[in-house]
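Thanks for coming. I will go through one structure this morning, starting with its pockets and ending with a sheet.

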Amino acid sequence: MSNVILECRNLIKSFYDPLELTVLKDISFSVNKGEFISIVGRSGCGKSTLLYVLSTMDTDYSGELLIDNEMVTHQSEQQLARIRNAKIGFVFQFHYLINEFSVLQNVMLPALKLGRFTTKEIESRAMEKLKRVGVGHLAGKNANLLSGGEKQRVAIARAMINDPAIIMGDEPTGNLDSRNAQMVFDIFKELAESYRQTLLIVTHNQAFAENSGRIIEMDDGKIVAK
Ligand code: ADP
Ligand code: MG
């Protein structure tokens with residue numbers, strides 16, 4: 001079995017509105033199981049665009065993408081939805097929790113959608129993930145009652161619920177103060193080291209990147225260091 005969890009080959013992506021703009025210019029790299037990778041580069045260099053392609057949400061590109069040894073490029077929208085839900089967890093700058101739902105219900109949602117386990121099993125799995133990120137005691141609370149740092153930890157538990165092959169993040173500490181940013185970093189580090197969770201995280205935070213396992217640096221649509 002290969003140790004590679006994600007591989008992209010010669011990714012090229014352009015936008016055509018308002019003018020033609022090539023944003024990803026022949027991007028190739030691979031990610032091994034258990035790696036904690038930061039993607040860095042100045043604003044506008046293509047980091048979010050790259051993450052959209054790698055997360056299978058954007059299919060308008062040329063090149064090839066493989067996730068967990070499966071060719072993702074050219075799959076149907078239905079297949080992509082399955083791959084996304086089963087293989088990828090997301091953490092964004094903003095948490096996107098459903099305010100009217102409890103913390104536990106929020107974490108359970110992607111697993112209910114996947115339908116791989118019974119509701120009872122999903123509930124105990126969700127509790128386990130919440131405890132792992134240190135917010136088990138908040139399970140019954142409504143999401144809107146949590147602090148920003150607590151919400152982001154719940155978002156990480158939600159990203160973990162289907163045991164994804166890879167967790168991707170787009171500036172997951174971008175909206176947090178330094179103490180909470182450190183806490184989120186520590187959780188990611190622990191997930192990588194103790195559970196071999198693969199992580200691919202776009203960040204502006206220098207210390208975050210330097211303390212992760214590997215830095216992929218982009219400049220103007222190209223990778224300049226990996
Ligand atoms: P980063 O995340 O590194 O700040 P982005 O990937 O968001 O950069 O954007 C890269 C470039 O692509 C920027 O010049 C941005 O203006 C452009 N861009 C992003 N999304 C679109 C879009 N939907 N249509 C046209 N141009 C876009
Ligand atoms: Mg961005």
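**Pockets, a cavity and a sheet**

The second largest pocket has 14 residues in its lining, and those nearest its centre are D163, P164, Y195, R196 and Q197. Two elements, α4 (119-132) and α6 (178-195), each give two or more residues to that lining. As for volume, the second largest pocket comes to about 190 Å³. By residue class, its lining splits into six nonpolar, two polar and six charged. Please keep in mind throughout that this is a predicted model.

Now the largest pocket. Its volume is about 470 Å³. There are 18 lining residues, and N85, F90, P110, K113 and R158 are the closest to the centre. Which elements give two or more residues to this lining? They are α2 (77-87), β6 (88-91), α3 (103-114) and α5 (148-160). Of these, α3 provides the largest share, with four residues. The lining of the largest pocket contains 11 nonpolar residues, four polar and three charged.

Next, enclosed space. How many cavities of 30 Å³ or more does the structure hold? The count is one, and the volume of the largest cavity is about 80 Å³. Its lining consists of S48, L51, Y52, S55, M57, F90, V91, F92, M168, G169 and D170. At least two lining residues come from each of α1, β6 and β7 (166-170). Sorted by class, the cavity lining has seven nonpolar residues, three polar and one charged. F90 deserves a second mention: this residue lines the cavity, and it is also among the residues closest to the centre of the largest pocket.

That leaves the sheet. It is open, has four strands in the order β2-β1-β4-β5, and the pairing is antiparallel. Why is one side of β2 (21-32) and of β5 (70-71) left without a neighbour in the sheet? Both strands stand at the edges and each has a single partner strand, so there is nothing in the sheet on the other side. Helix α1 (residues 47-54) packs on this sheet and touches β1 (4-15), β2 and β4. The direction of α1 makes about 120 degrees with that of β1. As noted for the cavity, α1 also supplies at least two residues of that lining.

A few details on the pairing. Strands of a sheet pair through backbone hydrogen bonds, in either a parallel or an antiparallel arrangement. Here β1 and β4 run antiparallel and are joined by five bridges. One position to look at is I12, whose bridge partner in β4 is S62. Strand β4, residues 62-67, also pairs with β5 in the antiparallel sense, over two bridges. In that pairing, I67 stands opposite E70 of β5.

The connection between β4 and β5 is the last item. The two strands form a hairpin, with two residues between them. What is the sign of phi at D68, in the turn? Phi at D68 is positive, at about 50 degrees.

That is what I have on the pockets, the cavity and the sheet. I will leave the structure on the screen for discussion.

Definitions and conventions
Residues numbered from 1 in each chain as written. Chains lettered and ligands numbered in written order. Predicted model: local features only at pLDDT ≥ 70, side-chain atom pairs only at ≥ 80, totals over all residues. Heavy atoms only, no water. Pairing = 2+ DSSP bridges. Contact = heavy atoms within 4.5 Å. Axes fitted to C-alpha atoms, helices over the stretch in contact; angles between N-to-C directions. 1 Å grid on protein atoms, 1.4 Å probe; cavity = no way out; pocket = protein on both sides within 12 Å on 5 of 7 lines; lining within 4 Å. Points joined across faces, edges and corners; volume = space filled by probe spheres on them. Nonpolar A, V, L, I, M, F, W, Y, C, P; charged D, E, K, R; others polar.
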